[in-house]
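Q: Hi! Could you walk me through this structure?

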There are 2 protein chains.
Amino acid sequence: MAGNFEPIASTAGGKQPRTERGRKTMRKLLDAAAAEFGEKGFHDGSISSITRRAGTALGTFYTYFDSKDEIFRALVGDLSAQVGARAAVALAGETAALEKERAALAAFLHFAQEHQEIYRIIDESEFVDPKGFRQHYETTASRILARLRQGSASGELRDDLGEAEAWAIMGMNVFLGLRFAVWSDGDKPEDIAAAASRLLSEGIAKK
Amino acid sequence: MAGNFEPIASTAGGKQPRTERGRKTMRKLLDAAAAEFGEKGFHDGSISSITRRAGTALGTFYTYFDSKDEIFRALVGDLSAQVGARAAVALAGETAALEKERAALAAFLHFAQEHQEIYRIIDESEFVDPKGFRQHYETTASRILARLRQGSASGELRDDLGEAEAWAIMGMNVFLGLRFAVWSDGDKPEDIAAAASRLLSEGIAKK
């Protein structure tokens, strides 16, 4: 279950709660929606089942969301923000450019192990909420690109890095998560992140 | 439109045609299904619209497939095989390990530019045909891994490459295709493949 993180996406629809109690209720509804859609998918998921999981009254749902579509869109924005927040926390302790990428990937793999539903939900958003799907990846790629530019500026990374490298790193991370955090969780995120980090630091050619 | 390639997946359901004419009809139906599902998605796609696109009688459909589900599964297997066949053709001209990866990616980007529907179909298979979805990526990753092992054996690539690197490369390729072949087609596959190739050959660190 989710619920450990602050983010409640403010851009993804849903009325913004004004009180701490309202924030907690919205958080509960979003976590319940993650469990519901992660298990049943969008079409078979239902608002009544979400409120049951959240332990709230059906009317409460409509205080925050107008429809199943709306909570799904809010959830995609929320998960996307949680991924970003988790990376930001992990990065805070790192100063070297390559260590930042390693820390971001390890944090993502931990997150994906704990919240395996994120893959199904983000992947299904391609069909249910195409705008949210695209926004998630564009936002994530631009965060990576900003880090690469920082690394180039500090002289640690090559000067010619751009969008292609940012999308390549994001794709790497997404598929490593699918393979090693969702389809198998016996792998240590740190080991996978170390392999990816070596690929980024020196490539795969033999020296 | 597809239709330039041999593969008709024999493992993905659908009756195997015995004659060349039957093979052509099946190919037409699969190409029509790619256009139909790529445009409308699985749920809104229909058998009658597929046969209309293929220019065949409705009854002909049932000579080859039992249902909409069955042709969708066959299509996923077929697209997966087409991706593999296209890579194999591109690789045939290369001998150096890193050039093989570059050629495979460039070929995939060309394929994705010409067949943008492949993303929607493969992505939707996660929900409509989870087994086919997983098989596509596992097969693709194991092809990459086999190439990496060859490169290690020939002394061109590091000796410690494994599944993590294979999945990392596949993820890189999938997301570069999404960004530069589907969401934008103004980019030259060769330029994107060159950037990815440099990442693989030397990493992103400044020398």
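A: Happy to; here is a chat about the chains, their contact and some charged pairs. Keep in mind that this is a predicted model.

Q: Great. How is chain A related to chain B?

A: A turn of 180 degrees with a shift of 0.0 Å along the axis lays chain A on chain B, with an RMSD of 0.0 Å. The two copies are thus related as by a two-fold rotation axis. The same surface serves both, since 100% of the contact residues of chain A recur in chain B.

Q: How many residues does each chain bring to the contact?

A: Chain A gives 45 residues and chain B gives 45 residues. About 4,300 Å² is buried between the chains, and carbon and sulfur atoms account for 68% of that area.

Q: And how many salt bridges between chain A and chain B?

A: Six. One of them joins Lys206(A) to Asp159(B), at 2.8 Å from N to O.

Q: What does Arg179(B) pair with in a salt bridge?

A: With Glu163(A), and the closest N and O atoms are 2.8 Å apart. Arg179(B) lies in helix α8 of chain B and Glu163(A) in helix α8 of chain A, so this pair joins two chains.

Q: Are those two buried or partly exposed?

A: Arg179(B) is buried because its relative accessible area is 16%, under the 20% cut-off. Glu163(A) is partly exposed, at 33%. There is also a network of salt bridges with shared partners, made up of Arg158(A), Asp160(A), Glu165(A), Arg198(B), Glu202(B) and Lys207(B).

Q: What else does Arg179(B) touch?

A: Leaving aside neighbours within four places in sequence, its contacts include Trp167(A), Ser184(B) and Asp187(B).

Q: Switching to the nonpolar side: which residues have the most contacts inside the largest core?

A: Leu176(A) and Leu176(B), in a core of 127 residues. Helix α8 of chain B supplies the largest share of this core, 14 residues. Not counting residues up to four places away in sequence, Leu176(B) touches residues of both chains, among them Trp167(A), Ala168(A), Leu105(B) and Ile192(B).

Q: Any charged pairs inside a single helix?

A: Yes, Glu36(A) and Lys40(A) form a salt bridge at 3.1 Å, N to O. They are four residues apart in helix α1 of chain A, so about one helical turn separates them. Glu36(A) is buried, at 0% relative accessible area, while Lys40(A) is partly exposed, at 31%.

Q: Last one: where does UniProt put the "DNA-binding region"?

A: The unreviewed UniProt entry places that feature at residues 46-65 of chain A. The span is 75% helix and 0% strand, and its end C-alpha atoms lie 13 Å apart.

Notes
Residues are numbered from 1 along each chain as its sequence is written. Chains are lettered from A and ligands numbered from 1 in the order in which they are written. This is a predicted model: local features need pLDDT of at least 70, side-chain atom pairs count only at pLDDT 80 or more; totals for chains, interfaces and linings use all residues. Side-chain values use heavy atoms; hydrogens and water are left out. UniProt positions are given in the numbering used here, feature names are shortened, and annotations may be inferred rather than shown by experiment. Copies are superposed by least squares on the C-alpha atoms of residues with pLDDT of at least 70 in both. Contact means heavy atoms within 4.5 Å. A nonpolar core is a set of buried Ala, Val, Leu, Ile, Met, Phe, Trp, Tyr and Cys residues joined through side-chain atoms within 4.5 Å. Buried means under 20% relative accessible area, exposed over 50%, partly exposed in between (1.4 Å probe, protein chains only). Buried area is the accessible area (1.4 Å probe) that two parts lose on being put together, summed over both. A salt bridge is a side-chain nitrogen of Lys or Arg within 4 Å of a carboxyl oxygen of Asp or Glu.
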